Amino acid sequence: MPSLDDVMAKEAETGEDPVKLLLIGDSGLGKTGALVSLAMAGYRLGIVDFDNGADIIKGLLRPHPKDTPTILEKKAAARKNVYIKTLTDDFRAVGGKYQAISASAWTGAAELLADWKVDNLGPVSSWRASQKHVLVIDSLTFAGKAALRFILSMNGRLAAPKPYQSDYGDAQNLLETMLATIYSTGIKCHVIILSHVREVGKAYQIETTKSDGSKGVATVEEPDSRKGYAETGTGRALSPIIGRFFNNVLMVDMVGTGQSARREIITVPNGNIGLKNSAPGLVKARYSIETGLAEYFANMRGETSGPAASTSLALASATSANTR
Amino acid sequence: MLDLIRQATLNNSAFSTILPGLQIAWDSTSMGAFKECPRKYYLSIVLGYVPRETSVHLIFGQMYHTALEAYDHAKARGHDHKSALRVAVKVAMVISWNKELGRPWQSDSTYKNRLTLVRSVIWYLDQFENDPLETIILANGKPAVELSFRFDVGYRSVCSGENFLLCGHLDRVVKFNERNWILDRKTTQHQIDDRFWAQWNPNNQMSTYDFAGNVGFNAKTAGIIIDGAQLLVGGTRFKRGIVQKDDDQRNEWHMDFGLQLQMAEHYAKISYWPMNDKSCGNYGGCPYQGICAKSPAVRQQWLEGSMHKRVWDPLQVRGDI
């Protein structure tokens with residue numbers, strides 16, 4: 001049986017030590033844009049885009065008048081190494097309400113992971129951390145919604161006003177299976193899953209008396225029990241356990257106010273959100289969003305990171321435009 | 001013993017004519033019996049003894065399948081939904097009529113009887129009138145329902161040199177989200193919850209169908225959709241779920257299947273199939289438990305007295321190949 005030293009020596013030698021992380025944050029804070037630093041550092045990104053929000057990547061990798069020749073060259077190389085597959089379901093207006101009329105995004109993603117044929121990248125199981133391959137799911141939230149629509153569609157209830165309770169459970173099972181597969185040792189590339197934040201508190205039920213004297217049941221939340229977790233798009237039950245699939249749970253947050261406001265990637269517990277990283281001595285507590293992911297990966301792997309995609313000014317402008 | 005086996009398998013084309021008792025053509029039913037208990041397999045498949053009373057679950061399930069199959073055939077012939085529904089209901093009424101006794105099929109079950117059969121057929125077809133799962137139409141113009149398959153599974157008998165075949169029938173092959181899926185219908189009295197779905201993976205039958213779809217038909221099916229119907233006294237609820245496997249799981253199943261065939265060949269060679277006395281209480285109790293509890297010397301008399309014989313031949317085609 002090899003010792004831990006043997007295992008670590010082998011990983012260092014082969015480079016097969018994937019980083020698998022969950023990056024959470026509120027909408028518009030720059031989770032998708034943060035991926036660009038990895039592309040600039042020479043990583044190949046395969047992005048399963050459920051959010052249809054990858055325009056920011058195009059914006060950040062587009063040549064900018066203030067870019068130096070080196071940056072222009074890096075951007076050109078990065079653009080060749082980013083593969084985005086946008087998977088969305090079709091909606092249409094029916095009786096003043098928008099409803100889904102197809103639910104193919106989930107099965108599209110499953111097929112992509114089995115074999116990324118469209119760009120000749122092969123099965124995700126053949127991607128390797130040593131070759132700087134990264135699988136990105138953007139975002140877990142919308143992936144969960146796609147899973148739910150898939151369940152509804154299969155059961156002929158895509159147009160139904162409200163899913164059944166069991167539909168959420170079935171969608172959660174689909175999502176959990178996907179995460180378990182991605183987290184398994186069968187997937188040997190780096191993995192980044194982006195997600196929005198959901199606050200979930202400990203809930204319990206109590207008996208109440210209604211105004212007419214009849215008895216009822218109410219769900220109440222334990223005071224101060226709310227914690228932030230990844231939003232899965234399939235209800236609240238799965239959110240608290242998503243973190244178990246990852247050894248690295250980071251967060252994008254806005255720090256400061258006014259002119260000094262800036263976006264950062266945070267790697268240590270923050271407020272009521274239980275963040276974590278698998279190398280507390282090697283990584284920083286906070287990184288700037290422009291270079292953060294590349295630096296984090298480099299710190300985790302004992303490498304040096306590459307340059308930012310663009311000037312801080314351009315990044316801040318692009319990100320602000322994205323949130324308007 | 002050998003004479004008994006030869007006599008029993010004489011008219012069963014699934015068995016070897018070189019090594020008596022060696023089944024060459026397997027389906028999920030025969031392999032399922034073998035995996036549960038080799039002795040049960042010997043009694044039910046090799047010798048062909050089955051209980052006189054057919055299980056109400058089996059009868060109901062077959063009728064439900066047949067009625068819905070009739071709907072698919074009618075739609076493929078150009079009937080609209082209402083017309084095809086009438087065809088399905090008529091078939092349900094006809095097949096649940098006991099011609100010999102001149103009266104409806106009598107069932108002791110409050111959940112599975114003629115009323116719940118017809119109701120379930122109507123409710124299902126009403127709920128899925130605009131079914132997103134479209135039955136694939138084969139090149140011959142017929143719908144892909146009760147689709148029979150039979151192919152060389154890649155193993156050969158050491159004793160007889162014959163190639164083993166994998167056979168079966170797929171309830172329905174459908175297109176959903178531009179992908180092919182195998183659909184299998186299941187009826188149950190129990191709630192269609194996590195426990196219901198858990199029983200289908202791993203599952204002998206589902207693994208066989210998945211292998212057939214991907215390897216036998218080379219169709220690269222996206223998975224299997226279990227089309228569940230929960231039968232209640234006052235209604236029927238429908239729920240669909242999926243079973244998906246990757247190539248690694250298929251390879252594992254194929255290897256396991258080969259090992260089971262080796263065991264089956266060994267038992268045929270020694271003309272002896274041992275009991276798995278840990279399986280006797282499963283699935284509500286094995287119907288052969290009473291037989292196996294008797295002394296070997298008297299078992300044959302008890303078999304002949306309490307059971308009747310039928311030939312289980314996986315090579316018998318039901319639908320279209």
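**How much area is buried between chain A and chain B, and what share of it do carbon and sulfur atoms give?** This is a predicted model. The area buried between the two chains is about 1300 Å². Carbon and sulfur atoms give 51% of that area.

**Figure 1. The contact between chain A and chain B.** In this predicted model, 16 residues of chain A are in contact with 16 residues of chain B. There are 9 residue pairs in polar contact between the two chains. Three elements of chain A each supply at least two residues to the side that touches chain B: helix H5 (105-114), helix H6 (140-154) and helix H7 (165-183). H7(A) gives the most, with 5 residues. By type, the residues on this side of chain A are 4 nonpolar, 8 polar and 4 charged. The interface also holds 3 salt bridges.

**Figure 2. A salt bridge across the interface: Lys239(B) and Asp167(A).** Side chains of opposite charge can pair when their charged atoms come close. Here the closest N and O atoms are 3.5 Å apart. Lys239(B) lies in strand E10 (residues 236-243) of chain B and Asp167(A) in helix H7 of chain A, so the pair joins two chains. Lys239(B) and Asp167(A) are both buried.

**Figure 3. A salt bridge within chain A: Glu295(A) and Lys284(A).** The closest N and O atoms of the pair are 3.1 Å apart. Glu295(A) sits in helix H9 (residues 292-301) of chain A, and Lys284(A) in the loop between strand E13 (262-266) and strand E14 (286-288), so the salt bridge ties together parts that are 11 residues apart in sequence. Glu295(A) is buried, at 19% relative accessible area. Lys284(A) is partly exposed, at 40%.

**Figure 4. Salt bridges within chain B, as a pair and as a network.** Asp210(B) and Arg250(B) form a salt bridge, with their closest N and O atoms 2.6 Å apart. Asp210(B) belongs to helix H8 of chain B and Arg250(B) to helix H9 of chain B. The pair links distant parts of the chain, 40 residues apart. Both Asp210(B) and Arg250(B) are buried. Elsewhere in the view, a network of salt bridges links Asp72(B), Asp131(B), Arg172(B), Arg185(B), Asp227(B) and Arg240(B). Over all chains, the count of salt bridges comes to 22.

**Figure 5. The buried residues of helix H2 in chain B.** H2(B) spans residues 28-36. Its buried residues are Ser28(B), Ser30(B), Met31(B), Gly32(B), Ala33(B) and Phe34(B). These buried residues pack against two strands of chain B, E1 (25-26) and E7 (163-176). They also pack against three helices of chain B: H3 (38-46), H8 (204-216) and H9 (247-270).

**Figure 6. Two cysteines of chain B without a disulfide partner.** Why is Cys167(B) not bonded to Cys159(B)? Cys159(B) holds the closest cysteine sulfur, but the distance is 20 Å, too far for a bond. Cys167(B) is buried, with a relative accessible area of 1%. For Cys292(B), the closest cysteine sulfur is in Cys37(B), at 6.2 Å. That is also too far for a bond, because a disulfide needs the two sulfur atoms within 2.5 Å. Cys292(B) counts as buried too, at 17% relative accessibility. A search of the whole structure finds 0 disulfides over all chains.

Terms used:
Residues are numbered from 1 along each chain as its sequence is written. Chains are lettered from A and ligands numbered from 1 in the order in which they are written. This is a predicted model: local features need pLDDT of at least 70, side-chain atom pairs count only at pLDDT 80 or more; totals for chains, interfaces and linings use all residues. Side-chain values use heavy atoms; hydrogens and water are left out. Contact means heavy atoms within 4.5 Å. Buried area is the accessible area (1.4 Å probe) that two parts lose on being put together, summed over both. A salt bridge is a side-chain nitrogen of Lys or Arg within 4 Å of a carboxyl oxygen of Asp or Glu. A polar contact is a pair of N or O atoms within 3.5 Å; within protein, one must be able to donate a hydrogen and the other to accept it, and residues adjacent in sequence count only if both atoms are side-chain atoms. Helices (H or I, at least four residues) and strands (E, at least two) are DSSP runs, numbered from the N terminus. Ala, Val, Leu, Ile, Met, Phe, Trp, Tyr, Cys and Pro count as nonpolar, Asp, Glu, Lys and Arg as charged, and the others, Gly among them, as polar. Buried means under 20% relative accessible area, exposed over 50%, partly exposed in between (1.4 Å probe, protein chains only).
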